[in-house]
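Me: I have a two-chain model to go through, and I want the reasoning behind each label. Please take the questions in turn.

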Amino acid sequence: MSATTDLEADRLARATVRRNARNRWVAYITLSLGVLIFAFPIWLTVVGSTHDASTIGRGDVPLWFGPHAISNYVSAWLTGGEATRTTRSVPAWVMLWNSLNMAVLIAVGKIAISLLSAYAVVFFSFPGRMVAFWLIFITLMLPVEVRIIPTFEVMVNLGLINSMTGLVVPLIASATATLLFRQFFLTIPDEYVEAAKIDGAGPLRFFKDVVLPLSVTNIAALFVILFIYGWNQYLWPLLIVTDRDLETVVVGMTKMIGNGDAQNEWNIIMATAVLAMLPPVAVVVFMQRWFVKGLTETEK
Amino acid sequence: MRKKVIFKGIALPWLLLLPQLLITGVFFFWPAGQAIYGSFLREDAFGLSRQFVGFENFAEVLADPNYLASGWTTVVFSFSVAFTALSAALFLAVQADKAIRGANGYKTLLIWPYAVAPAIAAVLWLFMFHPQIGLFGRMLNGLGIGWDYRLNGDQAMLLVILAAAWKQVSYNFIFFMAGLQSIPKAVLEAAAIDGARPMRRFWTIIFPLLAPTSFFLLVVNIVYAFFDTFGIIHALTNGGPGQATTTLIYKVYVDGVQNLNFGSSAAQSVILMVIVILLTAVQFRFVERKVHY
């Protein structure tokens with residue numbers, strides 16, 4: 001009797017091992033397939049950026065690299081390809097420089113003003129504290145997309161059209177960043193504040209010497225998210241910038257495509273697309289830990 | 001929740017808040033107020049004077065078949081994007097969660113599309129599905145399907161949904177991974193010992209435990225499809241052909257920026273504000289239960 005149960009258990013155990021192995025293979029195969037599907041559009045673009053315009057224009061879509069990589073990237077970087085009848089071309093380096101400026105300024109600006117306002121809301125008690133907090137919170141419900149025209153009018157009245165200030169300043173108010181820092185500041189033990197008070201440190205000193213150093217990881221995580229947010233802005237620069245010297249690369253890209261004629265200089269467009277993707281993708285890949293932290297924290 | 005120990009002062013905290021409040025006042029509340037105010041006004045044909053018309057703008061917008069059509073387009077688009085991006089991400093997260101070698105490598109390879117701008121994602125999909133230069137576009141035409149998203153509304157819709165979902169999968173994947181990792185392995189092992197097959201384990205244990213994460217993600221995905229996909233539509237289809245891919249956000253842009261229709265655009269803005277408020281309310285109502293079980 002017991003022998004048969006042993007046999008039975010043995011059979012079950014082996015079946016489980018087999019099933020686990022099969023299971024793992026399914027996982028490998030489907031994951032690889034998923035990665036392929038995700039990477040394929042990029043692969044096609046990178047490969048396309050190494051061929052000449054006529055190869056792509058003819059529709060002979062290549063799947064392997066061609067010989068024109070250097071010339072394509074050089075001409076994208078320096079001239080942005082030939083001008084068309086309706087638009088003059090902008091060199092990629094100008095657009096990348098604008099995007100970089102915008103992304104860094106937005107990230108730094110958002111972090112700076114959110115740190116200050118979160119500090120005020122958490123470490124002080126003053127009349128109007130909750131009002132201030134709610135005013136900041138409500139901005140979550142007013143994305144640019146729902147107030148396009150009146151915001152544009154304000155920008156015109158303030159003379160902020162076609163300026164880096166106009167691109168950056170209206171975007172640096174941040175309810176999410178303020179909420180994140182507030183959440184974090186609430187976890188700083190009361191004893192720290194007491195100790196600072198006993199040592200005679202004022203609120204600004206406490207902010208500089210205690211709160212700021214404690215916030216470093218949060219700031220780094222948020223910077224990654226906000227850099228990507230700034231770099232990927234679309235509607236706002238589309239509205240505010242008509243001067244092509246201030247063009248950001250994401251908007252400039254789609255202007256190069258226009259109506260999507262087969263006669264476009266697709267090789268230059270693809271090279272520019274690769275250049276436009278590189279900085280934010282590099283930030284995510286190389287700062288993955290902070291990126292994941294930033295993403296999951298800001299949504300709490 | 002608030003701190004027990006705090007600093008004294010009234011001027012200093014307000015000073016610290018000043019930059020944030022100034023920006024929100026000038027660039028958020030003032031324009032939002034203007035939109036609400038403007039939604040009750042109408043401009044004459046020459047743009048010289050504006051007069052009060054009550055709810056006429058709203059009545060007109062809500063009776064406009066084009067507006068209603070674009071509302072329906074938005075609903076179809078948003079739910080398709082959310083469903084596609086969520087199911088693909090859940091599937092991949094479950095695979096990546098199985099204790100396999102190289103899981104971290106797969107993770108990195110799956111999360112980077114998050115960094116690609118919506119408009120650039122659109123451009124990548126254009127390279128694949130352009131009827132003359134795109135690999136798949138030409139392939140489909142070669143099979144005699146007659147693929148041209150610039151002429152066929154359904155094809156245009158399909159393409160913007162795919163491009164928008166492609167970009168959102170990584171975001172969902174990260175949250176599903178976090179959700180899966182917090183499910184106690186003992187529970188799954190116990191079920192396995194009891195003889196529950198993988199499919200059954202997924203539907204009876206994993207899926208219910210992930211429900212709060214999924215719900216949270218559903219709201220986030222819908223918000224994304226509503227507001228952050230402007231670049232995709234603008235770069236790929238310009239809302240066309242006809243009105244096939246004109247979502248509410250795209251329409252408010254076209255009516256306000258291109259057609260300069262002041263009253264209608266303001267009324268549309270106000271309607272969108274109400275939608276955002278509802279979505280945010282839902283999001284915050286359930287946010288606490290998000291990743292806790």
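Me: In which helix of chain A is confidence lowest, and in which is it highest?

Reply: This is a predicted model, and its confidence in chain A is lowest in helix 15 (residues 288-298), at a mean of 79. Helix 4 of chain A has the highest, at 93. For chain A the mean pLDDT is 86, and 95% of its residues reach 70 or more.

Me: How many helices and strands does chain A have?

Reply: Chain A has 15 helices and 0 strands.

Me: How do you know whether chain A matches a compact globule of 300 residues?

Reply: Set the radius of gyration against the globule rule. A compact globule of 300 residues would come out near 19 Å, while chain A has 27 Å. Chain A therefore does not match the value that 2.2 Å times the number of residues to the power 0.38 gives. Along the principal axes, the C-alpha atoms of chain A fill a box of roughly 90 × 75 × 35 Å. Of the 300 residues of chain A, 46% count as buried. Among contacts in chain A with a separation of 6 or more, 73% join residues 24 or more positions apart.

Me: Why is Arg58(A) called buried or exposed?

Reply: Arg58(A) has 11 C-beta neighbours inside 10 Å. The cut-off for exposed is 12 or fewer, so Arg58(A) counts as exposed. Arg58(A) sits in helix 2 (residues 53-58) of chain A. From Arg58(A) to Phe124(A) the C-alpha distance is 67 Å, with their positions 66 residues apart in sequence.

Me: What makes Arg285(B) exposed?

Reply: Arg285(B) has 10 other C-beta atoms within 10 Å. Because exposed requires 12 or fewer, Arg285(B) is exposed. Arg285(B) belongs to helix 12 (residues 262-286) of chain B. The C-alpha atoms of Arg285(B) and Tyr171(B) are separated by 21 Å, and the two residues are 114 apart along the chain.

Me: Why is Asn162(A) called partly exposed?

Reply: Asn162(A) has 15 other C-beta atoms within 10 Å. Exposed needs 12 or fewer and buried needs 20 or more, so Asn162(A) falls in between and is partly exposed. Asn162(A) lies in the loop between helix 6 (148-157) and helix 7 (164-168) of chain A.

Me: What makes the phi of Asn162(A) worth a remark?

Reply: Most residues other than glycine have a negative phi. Asn162(A) is not a glycine, yet its phi is positive, at about 55 degrees. In chain B, Asn238(B) also has a positive phi, near 55 degrees, and is a residue other than glycine. Asn238(B) is placed in the loop between helix 10 (230-236) and helix 11 (248-258) of chain B. With 17 C-beta neighbours inside 10 Å, Asn238(B) is below the 20 needed for buried and above the 12 allowed for exposed, so Asn238(B) counts as partly exposed.

Me: How do you know that helix 8 of chain A is mostly covered?

Reply: In helix 8 (residues 175-185) of chain A, 8 of its 11 residues are buried. Among them are Ala175(A), Leu179(A), Phe181(A) and Arg182(A). Each of these residues therefore has 20 or more other C-beta atoms within 10 Å.

Me: Which residues have the most contacts inside the largest nonpolar core?

Reply: Ile120(B) and Val123(B) do, in a core of 167 residues. The largest share of this core, 17 residues, comes from helix 4 (residues 92-123) of chain A. Leaving aside neighbours within four places in sequence, Ile120(B) is in contact with Val250(A), Met253(A), Ala273(A), Ala276(A) and Met277(A). Each of these pairs therefore has C-beta atoms within 7 Å.

Me: How many residues does each chain give to the contact between them?

Reply: Chain A gives 82 residues and chain B gives 78 residues. On the side of chain A that touches chain B, helix 1 (residues 2-48) gives the most, with 15 residues. That side divides into 60 nonpolar, 17 polar and 5 charged residues.

Me: What does the model show for residues 72-94 of chain B, and where does the transmembrane label come from?

Reply: The label "transmembrane region" comes from an unreviewed UniProt entry, which places one such feature at residues 72-94 of chain B. In the model this span is 100% helix and 0% strand, and its end C-alpha atoms lie 33 Å apart. For chain A, the UniProt annotation includes residues 161-181. Residues 161-181 of chain A are 57% helix and 0% strand, with the end C-alpha atoms 31 Å apart.

Terms used:
Residues are numbered from 1 along each chain as its sequence is written. Chains are lettered from A and ligands numbered from 1 in the order in which they are written. This is a predicted model: local features need pLDDT of at least 70, side-chain atom pairs count only at pLDDT 80 or more; totals for chains, interfaces and linings use all residues. A nonpolar core is a set of buried Ala, Val, Leu, Ile, Met, Phe, Trp, Tyr and Cys residues joined through C-beta atoms within 7 Å. Helices (H or I, at least four residues) and strands (E, at least two) are DSSP runs, numbered from the N terminus. Two residues are in contact if their C-beta atoms, placed from the backbone, lie within 7 Å. UniProt positions are given in the numbering used here, feature names are shortened, and annotations may be inferred rather than shown by experiment. Ala, Val, Leu, Ile, Met, Phe, Trp, Tyr, Cys and Pro count as nonpolar, Asp, Glu, Lys and Arg as charged, and the others, Gly among them, as polar. pLDDT is the predictor's confidence in each residue, from 0 to 100.
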